[in-house]
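Let's take a walk through the empty spaces and helix packing of this one. Have the sequence and the 3D view open as you read.

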Amino acid sequence: MADIKTQKHDAIVLSSQSEKDLQLKFIEMLKQAPLPEDELLANLGLFLSSKSLSRILFFYEIYRKIINTHGVVMEFGVRWGQTLSLLSALRGIFEPFNRHRKIIGFDTFAGFKGMSDKDGKLCKTTDGSFSVSENYQQYLGEILALQEALNPISHLKKFELVQGDATETVPAYLKRQPETLVSLAIFDFDIYQPTKVALEAIKPHLFKGSVLVFDELADDIFPGETIALREVFDVTNLKVERMPMTARVSYVVL
Ligand SMILES: C[S@@+](CC[C@H](N)C(=O)[O-])C[C@H]1O[C@@H](n2cnc3c(N)ncnc32)[C@H](O)[C@@H]1O
C-alpha cells in the first residue's frame, strides 16, 4: 500500500506508476510554462486532465441541482479546498446575488481525526493522514476571498472555514446557527466517526430536495463512510445515484 501514498502528507493516490510518471511530466510542464503571467489563469485548461475535469463536471451538474433550492452548501472534509473554490466559482456563475448561499467547509486542517475499527484495514491511514501545509487555512481563506471579490456583492462574506474536529465543530456550528438549512452537503472526511456525527447533526437541517454528495460510498478502501450513512439513514429508502464521468462520487437527492 506504501506505493499508493503521497510522500509528504500520507494521502492516497490510486494512479498506476506510468500514470504517475506522466503526471510528473505534466507538473514539470506547469512549472516551466512559457506563458506570460497575465495569461496564466485564463489558460489553466492546458493542465486539466480528464480525471481533474471529470470532478469539475460532476460538481457543475450537482450545483445545477441546487439552484432552485434554498440553503447553504457544506463540505465535510476540505483539505486543499479545490472543491470549495470551485463551488464559489459556480455560485458566481449561477447565482451571484444569492447572499444566502453560504459555503461552509469543515476540516481539522491537520488531517484525519478519529479513525476507528470501522474504517477497516485496507486504507492503512492513521490520524494525521491527509494533512496540509502549515497555516494552509489562512491561504485558502485568501483564495476564497479572491473568488468572492471577482463576483458581485463581494462586500458580504459568504464562506466560512471551520477548523477543528468535526465531531465537535459541526454540532457546535448548527447550535450557533439554528437558522441553517442545508441545500448541499458534500461528505469527504473519508472516515466513519466524523461522517456519522456530521450526518446526525445536519439531518434536522435537511429538507425534501437537499442534495447529499458522497466521495467514498461503497468504497472498500474507506468503508466507514457507507457504514455511517447506513446507521443514520435507511438506505433502502434512498436512491444512490452516480454520473457517468466519475467512478467514485455518488449523490442522493432527498
Ligand atoms: C480526502 S480529504 C478531503 C478532500 C476535499 N474534499 C477535496 O475536494 O479535495 C479528507 C479531509 O477530511 C479531514 N478530516 C478527517 N477527519 C476529520 C475530523 N474528525 N474533523 C475534521 N476534518 C477531518 C482531513 O483533514 C482531510 O482534509
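H4 and H5 each supply at least two residues to the lining of the second largest cavity. H4 has the largest share there, with three residues. Keep in mind that this is a predicted model. The full lining is Leu84, Ser88, Arg91, Ile103, Leu144, Glu148 and Phe159. Sorted by class, that gives four nonpolar, one polar and two charged residues. The volume of this second largest cavity comes out at about 40 Å³.

How many cavities of 30 Å³ or more turn up in a search of the whole structure? The search finds two. The largest cavity has a volume of about 60 Å³, and its walls are built from Ser88, Arg91, Gly92, Pro96, Gln147, Glu148, Asn151, Pro152 and Lys158. The elements giving two or more residues to that lining are helix H4 (82-94) and helix H5 (136-149). H4 again leads, giving the most to the lining of the largest cavity with three residues. The class split here is two nonpolar, four polar and three charged.

If you flip between the two linings, look for Ser88, Arg91 and Glu148: they line the largest cavity, and they also line the second largest one.

Then there's an open space to look at. The second largest pocket has a volume of about 270 Å³. Its lining counts 14 residues, and those closest to the pocket centre are Val72, His100, Lys102, Glu179 and Thr180. By class, the lining of this pocket divides into five nonpolar, five polar and four charged residues.

Here are the three spaces side by side:

| Space | Volume | Nonpolar / polar / charged lining residues |
|---|---|---|
| Largest cavity | about 60 Å³ | two / four / three |
| Second largest cavity | about 40 Å³ | four / one / two |
| Second largest pocket | about 270 Å³ | five / five / four |

Now for the helices. H4 also packs against helix H3 (residues 50-66): their axes come within 10 Å and cross at roughly 50°. That angle makes H3 oblique to H4. As for the hand, H3 passes H4 in a right-handed crossing. On the H3 side, the contact uses Arg55, Ile56, Phe59, Tyr60, Tyr63 and Arg64, and on the H4 side Gln82, Thr83, Leu86, Leu87, Leu90, Arg91 and Phe94. Put into classes, the contact of H3 with H4 has eight nonpolar, two polar and three charged residues. Arg91 is worth a second click: this H4 residue meets H3, and Arg91 also lines the largest cavity and the second largest one.

What about helix H7 (residues 192-202) and helix H8 (residues 224-232): at what angle do their axes cross? They cross at roughly 30°, and the axes come within 8 Å. Angles under 35 degrees count as roughly parallel, so that is the label for H7 and H8. Their crossing is right-handed. From H7, the contact takes in Tyr192, Thr195, Lys196, Leu199 and Glu200, while H8 brings Gly224, Glu225, Ile227, Ala228, Leu229, Glu231 and Val232. The residues of this contact divide into six nonpolar, two polar and four charged.

Conventions:
Residues are numbered from 1 along each chain as its sequence is written. This is a predicted model: local features need pLDDT of at least 70, side-chain atom pairs count only at pLDDT 80 or more; totals for chains, interfaces and linings use all residues. Side-chain values use heavy atoms; hydrogens and water are left out. On a 1 Å grid over the protein atoms alone, a cavity is a set of points where a 1.4 Å probe fits but cannot get out, and a pocket is an open set with protein on both sides within 12 Å along at least five of seven lines; lining residues have an atom within 4 Å of a point. Grid points are joined across faces, edges and corners, and a volume is the space filled by probe spheres set on the points. Helices (H or I, at least four residues) and strands (E, at least two) are DSSP runs, numbered from the N terminus. Ala, Val, Leu, Ile, Met, Phe, Trp, Tyr, Cys and Pro count as nonpolar, Asp, Glu, Lys and Arg as charged, and the others, Gly among them, as polar. Axes are lines fitted to C-alpha atoms, for helices over the stretch in contact, and angles run from 0 to 180 degrees between N-to-C directions. Angles under 35 degrees count as roughly parallel, over 145 as roughly antiparallel, 65 to 115 as roughly perpendicular and the rest as oblique. A crossing is left-handed if the near helix is turned anticlockwise from the far one by less than a right angle, and right-handed if clockwise. Contact means heavy atoms within 4.5 Å.
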